[in-house]
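Visitor: Got a minute to go through the pockets and the ligand with me? Let's pull it up.
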Amino acid sequence: FRTNSAGLADVKERTLIAVKPDGVQRRLVGQIIRRFEQRGFKLVGLKMLQVSEGLLAQHYCQLTQKPFYSSLVEYMTSGPVVVMVWEGHNVVQSSRVMVGATNPAAAPAGTVRGDFSLHVSRNVVHASDSLEGAQREIQLWFQGKELVEWDCWDQTLTCEK
Ligand code: GDP
Ligand code: MG
């Protein structure tokens, strides 16, 4: 349970979630957004784009030397992606749980990957894996002015503060 310096739940935490090209083609965008909404997270950024190889190389900078990197590039540039920033208590860790293991064979039913995918090369969705990673990825994909600060009327029903 992460709290801020005042000892209150940190609801400002943000993460980057992307629906990958297979998820967009398979019309899964709505279902994926719905899961984050119903959990109680707040959408603060959303856009659709065709990813460039340059952006991808920065996004996946730790993977460029992997043997599967060229097939990952082919996959991720095969069509548009929908990229989002979600905010809320413990959102980085909780969304990794909601998304499921990288290899869908190890992702339990009830997770996005466990419900909608079969193979690691077509695993439908991206979620940042740490607070630092989330911060880096949000800065990479979004300009500050594209992120919207807004008050969600039910915030006190889903979190203490
Ligand atoms: P994630 O954080 O769970 O998405 O997993 P990673 O950061 O380790 O890998 C990034 C993405 O690369 C994964 O979501 C997959 O789309 C892809 N990937 C990872 N491992 C493999 C692999 O062994 N083969 C292929 N084809 N793609 C992989
Ligand atoms: Mg990753």
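Visitor: How much space lies in the second largest pocket?
Guide: About 250 Å³. This is a predicted model, where local features need pLDDT of at least 70 and side-chain atom pairs count only at pLDDT 80 or more, while totals for chains, interfaces and linings use all residues. Residues are numbered from 1 along each chain as its sequence is written, chains are lettered from A and ligands numbered from 1 in the order written, and side-chain values use heavy atoms, leaving out hydrogens and water.
Visitor: What counts as a pocket?
Guide: On a 1 Å grid over the protein atoms alone, a pocket is an open set of points where a 1.4 Å probe fits, with protein on both sides within 12 Å along at least five of seven lines; lining residues have an atom within 4 Å of a point. Grid points are joined across faces, edges and corners, and the volume is the space filled by probe spheres set on them.
Visitor: Which residues are closest to the centre of the second largest pocket?
Guide: Gly40, Phe41, Gly88, His89 and Thr158, out of 16 that line it. Helix 2 (29-39) and helix 8 (155-158) each give two or more residues to that lining; helices here are DSSP runs of H or I, at least four residues, and strands are E runs of at least two, numbered from the N terminus.
Visitor: OK, switching. How much space lies in the largest pocket?
Guide: About 610 Å³. Its lining has 27 residues, with Tyr60, Leu63, Leu72, Thr102 and His126 nearest the centre. Helix 7 gives the largest share, four residues.
Visitor: And what takes up that space?
Guide: Ligand 1. The rule is that more than half of a molecule's atoms lie within 2 Å of the pocket's grid points.
Visitor: How many residues surround ligand 1?
Guide: 13, each with a heavy atom within 4 Å of the ligand. Lys20, Arg96, Thr102, Arg113 and Asn123 are the closest. Helix 4 (residues 69-76) supplies the largest share of the shell, three residues.
Visitor: Which polar atoms lie by the ligand's oxygens?
Guide: Among them, a side-chain atom of Asn123 at 2.8 Å and one of Lys20 at 2.9 Å. Val120 comes in through a polar backbone atom, 3.4 Å from a ligand oxygen. The cut-off for such N or O pairs is 3.5 Å.
Visitor: How much of ligand 1 does the protein bury?
Guide: 76% of the 550 Å² that ligand 1 exposes when taken alone, by the Shrake-Rupley method with a 1.4 Å probe.

Technical notes: Polar contact = N/O pair within 3.5 Å; in protein donor to acceptor, adjacent residues only side chain to side chain.
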